[in-house]
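This report describes the cavities, pockets and selected backbone features of one protein chain. Please consult the sequence and the three-dimensional view while reading.

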Amino acid sequence: MPGLVLEGGTFRPIFSAGVMDALLDEDIMFPYVIGVSAGITNGTSYISRQRGRNLRILMSHRKDSRYIGMKNLLKERSIFGLDFVFDLLPNKLDPFDWDTYKRYKGTIRIGATNAQTGRPEYFDGHRLDEKLMMLRASCALPLLFPAIRIHGVPYYDGGISDPIPIRKAIKDGSGKNLIVLTRPKEYRKRLSRSTMAAAKILGRKYPRLREQLLSRHKRYNETVRFCERQEREGKALILRPDHPIESMEGDIDVLKQTYDMGYKTAKENIRKIRELF
């Protein structure tokens, strides 16, 4: 069973959106899709076969203060307008095709980090509700989002505990995987001041989460190396941008160029992608 593995990164996965639109144009639908944060959020529109939807939303709303803006902190304790992004947009302004999504016969895994245990958990995307709570949990950046509670359990961004969920894909039986990263080949993560601040603040309530935040950079770099070994062994194909992308990129032209780069990269590798099946 081939799988599609999606890294997150706020607005960086617009690259991944380009990749997935190329897959749709080539009528390639993976039977297993797993990801975290904005990666899997974009992935749901791939599963619902809504070509161009991810790009359209970002082009139309990146500058919309309801989508992202400091005033959202007052209402929702998030820089993002959570109800706007995860309810109004998909259910009214740019409708998500629930019927097509629900007809998908494959496996959907949405990764999030349990704040109490610090461990990754993978929700069954077939159980996604209309308020998109699983996606909210997967995207919940520390300090920029509140903890998202599902059945009383607090969750944060899936990228904290499992930034590139390739091992989960393999464990679930995905023998060959298309891994879509949102950082260039030379990138290596370092422990940042913002991460240290999040660990200090959130660690008072969630000590296990603190541990995960402080070790996240090491885990990320090791996982990239694992992905590259998988590729050398013929078990994976990695697609990634050829230059850095800002996670909070606000330039619409840059975002469109990044989407185009993802689309072009996938098209150039279609033969290799088909060989995963």
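## Pockets

The lining of the largest pocket divides into 15 nonpolar, 10 polar and 8 charged residues. In this classification Ala, Val, Leu, Ile, Met, Phe, Trp, Tyr, Cys and Pro are nonpolar, Asp, Glu, Lys and Arg are charged, and the others, Gly among them, are polar. The model is a predicted one, in which local features need pLDDT of at least 70 and side-chain atom pairs count only at pLDDT 80 or more, whereas totals for chains, interfaces and linings use all residues. Residues are numbered from 1 along each chain as its sequence is written, and side-chain values use heavy atoms, with hydrogens and water left out.

The largest pocket has a volume of about 800 Å³. Its lining comprises 33 residues, and R183, K189, T195, R216 and S247 are those nearest the centre. Two elements, α9 (193-203) and α10 (207-232), each give two or more residues to this lining. The largest share, 4 residues, comes from α10. Helices (H or I, at least four residues) and strands (E, at least two) are DSSP runs, numbered from the N terminus.

Pockets and cavities are both found on a 1 Å grid over the protein atoms alone. A pocket is an open set of points with protein on both sides within 12 Å along at least five of seven lines, while a cavity is a set of points where a 1.4 Å probe fits but cannot get out; lining residues have an atom within 4 Å of a point. Grid points are joined across faces, edges and corners, and a volume is the space filled by probe spheres set on the points.

The second largest pocket holds about 210 Å³ of space. Of the 13 residues that line it, P120, Y122, S161, D162 and R167 lie nearest its centre. Here β4 (120-124), α8 (166-171) and α10 are the elements that give two or more residues to the lining, and α10 again provides the largest share, with 4 residues. By class, this lining has 3 nonpolar, 3 polar and 7 charged residues.

## Cavities

Rolling a probe the size of a water molecule over the atoms shows where empty space is left. The structure holds 2 cavities of 30 Å³ or more, and their volumes and lining classes are set out below.

| Cavity | Volume | Lining by class |
|---|---|---|
| Largest cavity | about 470 Å³ | 19 nonpolar, 7 polar and 1 charged residues |
| Second largest cavity | about 40 Å³ | 5 nonpolar, no polar and 3 charged residues |

The largest cavity is lined by 27 residues, with A38, T41, N42, Y67 and V85 nearest its centre. At least two lining residues come from each of α2 (37-47), α3 (53-61) and α5 (82-93); α2 gives the most, with 6 residues. The second largest cavity is lined by L181, R183, P184, K185, Y187, Y220, V224 and R240. R183 thus appears in the lining of this cavity and among the residues nearest the centre of the largest pocket.

## Backbone and local environment

Most residues other than glycine have a negative phi, and most peptide bonds are trans. For S37, phi is near 55 degrees, a positive value in a residue other than glycine. S37 is found in helix α2 and is buried (under 20% relative accessible area, with a 1.4 Å probe and protein chains only), at 6%. R77 likewise has a positive phi, near 55 degrees. R77 is found in the loop between α4 (72-76) and α5 and is exposed (over 50%), with a relative accessible area of 58%.

N269 is found in the loop between α11 (252-268) and α12 (270-274). N269 is buried, with a relative accessible area of 15%. Leaving aside neighbours within four places in sequence, N269 is in contact (heavy atoms within 4.5 Å) with L237 and L239.

## Overall fold

The chain contains 12 helices and 8 strands. Its radius of gyration, taken over C-alpha atoms, is 17 Å, close to the 19 Å that the globule rule (2.2 Å times the number of residues to the power 0.38) gives for 277 residues, so the chain is as compact as a globular protein of that length. Along the principal axes, the C-alpha atoms fill a box of roughly 50 × 40 × 35 Å. Buried residues make up 60% of the 277 residues.
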